[in-house]
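Here is a short set of exercises to work through with the model open beside you. Try each task before you read its solution.

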Amino acid sequence: MKVIVKEFRDSESLFLLPLGDLHWDAAGTDREMIAKKVKEIKEMGYRTGLIGDVFNKLFFEWLVKNTDMDLNEALETLVKVFEPIRSQIDFVCVGNHDMGIEKKTGFSIVEAFATRLNVPVVRGIGILHYRVGKYRNTGKRSNSYIFAVTHGWGGGRKKGSKANKSVEFGDLIEGVDGSIIGHVHDPMS
């Protein structure tokens with residue numbers, strides 16, 4: 001299990017805006033909206049993590065028709081999009097679509113993407129530990145926040161079943177303050 005620790009000694013607050021299920025190379029992906037979110041993260045000083053399905057499965061026949069760029073172009077363009085906030089990206093999860101590419105080709109496009117941006121990769125389940133604020137030598141303790149992160153699994157067509165997946169995941173790991181899960185294609189908090 002990957003454990004990522006981030007310290008923010010000079011901050012009293014921290015804002016996290018995770019992004020997931022980008023399916024960057026799929027036809028119909030709202031790349032403009034993704035670019036707007038990246039701009040928002042940059043301007044507001046948010047932290048972010050990419051919670052899987054960063055790319056799509058280009059090699060399956062039924063998806064080839066629904067794509068408008070190859071893997072090379074997808075990798076290059078997405079690196080350019082996220083380059084301005086590389087220092088604000090705390091992790092990238094491997095999603096089921098990303099893993100599908102890897103299984104069929106032997107190439108981990110998410111590893112390549114993360115390496116280019118110098119960002120840690122989470123396979124399966126990871127722990128994200130934020131330490132925010134002053135430390136003991138100043139007379140104050142830092143605040144500690146621990147999140148379990150994963151791309152997610154399984155189906156669920158209704159919002160209730162998708163919310164249940166998130167709750168189930170949060171219950172898997174004792175002692176976390178929250179969970180961050182993708183795969184459901186619906187924003188929830």
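**Exercise 1. Find the strands that α5 lies across, and give its angle to β3.**

Solution. Step one: α5 lies across β2, β3 and β4. Step two: α5 runs at about 170 degrees to β3, where axes are lines fitted to C-alpha atoms, for helices over the stretch in contact, and angles run from 0 to 180 degrees between N-to-C directions. Helices (H or I, at least four residues) and strands (E, at least two) are DSSP runs, numbered from the N terminus.

Before going on, a note on the source: this is a predicted model, in which local features need pLDDT of at least 70 and side-chain atom pairs count only at pLDDT 80 or more, while totals for chains, interfaces and linings use all residues. Residues are numbered from 1 along each chain as its sequence is written, and side-chain values use heavy atoms, with hydrogens and water left out.

**Exercise 2. Work out the strand order of the sheet beneath α5, and name its edges.**

Solution. Start with the order: 3 strands form an open sheet, β2-β3-β4, with parallel pairing. Two strands pair if DSSP finds at least two bridges between them. Next come the edges: β2 (48–50) and β4 (121–122) each pair on one side only. Then look at one pairing in detail: β3 and β4 are joined by 2 bridges, and C93 has V122 of β4 as its bridge partner.

**Exercise 3. List the buried residues of α5 and say what they pack against.**

Solution. Take buried as under 20% relative accessible area, exposed as over 50%, and partly exposed as in between (1.4 Å probe, protein chains only). By that rule I109, V110, A112, F113, A114 and L117 of α5 are buried. The elements they pack against are β2, α3, β3, α4 (96–105) and β4. Now zoom in on F113: leaving aside its neighbours within four places in sequence, its contacts (heavy atoms within 4.5 Å) are L50, F55, L75, L78, V79, F82 and V92.

**Exercise 4. Describe how α3 and α5 cross, and sort the residues of their contact.**

Solution. First, the geometry: the two axes come within 10 Å and cross at roughly 35 degrees. The crossing of α3 and α5 is right-handed, a term used if the near helix is turned clockwise from the far one by less than a right angle, with anticlockwise giving left-handed. Second, the residues: α3 brings L71, L75, E76, L78, V79 and F82, while α5 brings I109, A112, F113, R116 and L117. Third, the sorting: the contact divides into 9 nonpolar, no polar and 2 charged residues. Here Ala, Val, Leu, Ile, Met, Phe, Trp, Tyr, Cys and Pro count as nonpolar, Asp, Glu, Lys and Arg as charged, and the others, Gly among them, as polar.

**Exercise 5. Which residues of the largest nonpolar core touch the most other members?**

Solution. A nonpolar core is a set of buried Ala, Val, Leu, Ile, Met, Phe, Trp, Tyr and Cys residues joined through side-chain atoms within 4.5 Å. Of the 30 residues in the largest one, L50, F55, L78, F82, V92 and F113 touch the most other members. The elements giving two or more residues to this core are α1 (31–44), α3 (71–82), β3 (89–93) and α5 (109–117). A second, separate core has 11 residues, including I4, F91, Y130 and V149.

**Exercise 6. Compare the two non-glycine residues H23 and N118: buried or exposed?**

Solution. H23 sits in the loop between β1 (2–8) and α1, with a positive phi near 45 degrees. Its relative accessibility is 9%, so H23 counts as buried. N118 follows α5, in the loop leading to β4, and has a positive phi of about 60 degrees. With a relative accessible area of 68%, N118 is exposed.

**Exercise 7. Trace the pairings of β5.**

Solution. Begin with burial: in β5 (residues 125–132), 6 of the 8 residues are buried. On to the partners: 7 bridges join β1 to β5 in parallel, and F8 has V132 as its bridge partner. With β6 (residues 143–150), β5 runs antiparallel through 8 bridges, and L128 stands opposite F147. Finally, find K134 in the loop between β5 and β6; K134 and F8 are 126 residues apart in sequence and 8.4 Å apart in space, C-alpha to C-alpha.
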